[in-house]
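Welcome, and please have your viewer ready. We will go from one selection to the next and look at what is there.

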Amino acid sequence: KLAWMDRLNRHARGLLKLEEPLVLTGDFNVIPEARDAEFPANWEGDALFRPQTREAFRALKYLGLSDAYLEADGAPGAYTFWDYQAGAWQRNNGIRIDHALLSPQAADRLAGVSIHRDVRSWDKPSDHVPFVVELELEAENSFNPLRYNIFRHGGARPSHPWTPVVAGCARPTPCPIWRSPCSWMAGTSPAMRIQFLTIASS
């Protein structure tokens, strides 16, 4: 996991040199701080909460990336994952492990963040819930903003009502992090390009 985080850090450094709106988003499998778990003591020793894992996550932020949720809200108790075991959902034994890290150019356009925890109570839900980041981009020579909704939702079915609203297309590319094909989103507007790198850490 730490080797994966190191490769992600190196790749992010290259992307930040473009000085474009950039979003690194998805399931990082990292609990950044004790406030990001209902029962942090339960996670001591787990790879999600080990000091080395959290340090690697902070190193990403030290590159100049902002945690979208902390920028938009930051209230404790905003979890994105509840395990299927031991009644975690019923006991609200949740953790925040799905994140969106924004470059300065993306952070300047952050319009809001929402976590749809109600989806976890649906019939046969994913253990993750939709995590939505909204960016507001102004098109060139226009007063009408373009809004981009970016979310990560684990285990979504083809008929799932949640769909991403993004101008652009997903395309397989050689991933410098996994060293295998992955999907990422590149949306365009008359004014700018925005890059989304989707994360699914082990």
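At what angle do helix α1 and helix α2 pack, and how far apart are their axes? Select residues 2–16 for α1 and residues 51–61 for α2: the angle is about 5°, and the axes lie 10 Å apart. Angles under 35 degrees count as roughly parallel, so α1 is roughly parallel to α2. Keep in mind as you look around that this is a predicted model.

**The contact between the two helices**

Show side chains next. From α1, pick Leu2, Met5, Leu8, Asn9 and Ala12; from α2, pick Gln52, Thr53, Ala56, Phe57, Ala59 and Leu60. These residues make the contact. Colour them by character and you get eight nonpolar, three polar and no charged residues.

**Around α2**

Stay with α2 and turn the view to look down its axis. Which residues of α2 are buried? They are Thr53, Arg54, Ala56, Phe57 and Leu60. Seen down the axis, these buried residues fall within an arc of 155°, so they line one face of the helix. Now bring up what covers them: the cover includes α1, β2 (66–67) and β5 (98–102). Then swing round to the other side of α2, where Pro51 and Glu55 are exposed.

**Two loop residues with positive phi**

Your next selection is Glu19, in the loop between α1 and β1 (22–27). Check its backbone: phi is positive, about 55°, although Glu19 is not a glycine. Is Glu19 buried or exposed? Its relative accessibility is 61%, and since exposed means over 50%, Glu19 counts as exposed.

Jump from there to Ala86, which sits in the loop between β3 (81–82) and β4 (94–95). Here too the residue is other than glycine and has a positive phi, near 55°. Ala86 has a relative accessible area of 65%, so it is exposed.

**Zooming out**

Finally, clear the selections and show the whole protein as a cartoon. How many helices and strands does the protein have? There are four helices and eleven strands. If you colour by burial, 47% of the 202 residues count as buried. Switch on the accessible surface and you are looking at about 10200 Å², with carbon and sulfur atoms supplying 51% of it. For a last view, try a contact map: among contacts between residues at least 6 apart in sequence, 62% join residues at least 24 apart.

Definitions and conventions
Residues are numbered from 1 along each chain as its sequence is written. This is a predicted model: local features need pLDDT of at least 70, side-chain atom pairs count only at pLDDT 80 or more; totals for chains, interfaces and linings use all residues. Side-chain values use heavy atoms; hydrogens and water are left out. Axes are lines fitted to C-alpha atoms, for helices over the stretch in contact, and angles run from 0 to 180 degrees between N-to-C directions. Angles under 35 degrees count as roughly parallel, over 145 as roughly antiparallel, 65 to 115 as roughly perpendicular and the rest as oblique. Contact means heavy atoms within 4.5 Å. Ala, Val, Leu, Ile, Met, Phe, Trp, Tyr, Cys and Pro count as nonpolar, Asp, Glu, Lys and Arg as charged, and the others, Gly among them, as polar. Buried means under 20% relative accessible area, exposed over 50%, partly exposed in between (1.4 Å probe, protein chains only). Accessible areas come from the Shrake-Rupley method with a 1.4 Å probe; for residues, only the protein chains shown count as cover. The arc is that of the directions from the helix axis to the C-beta atoms.
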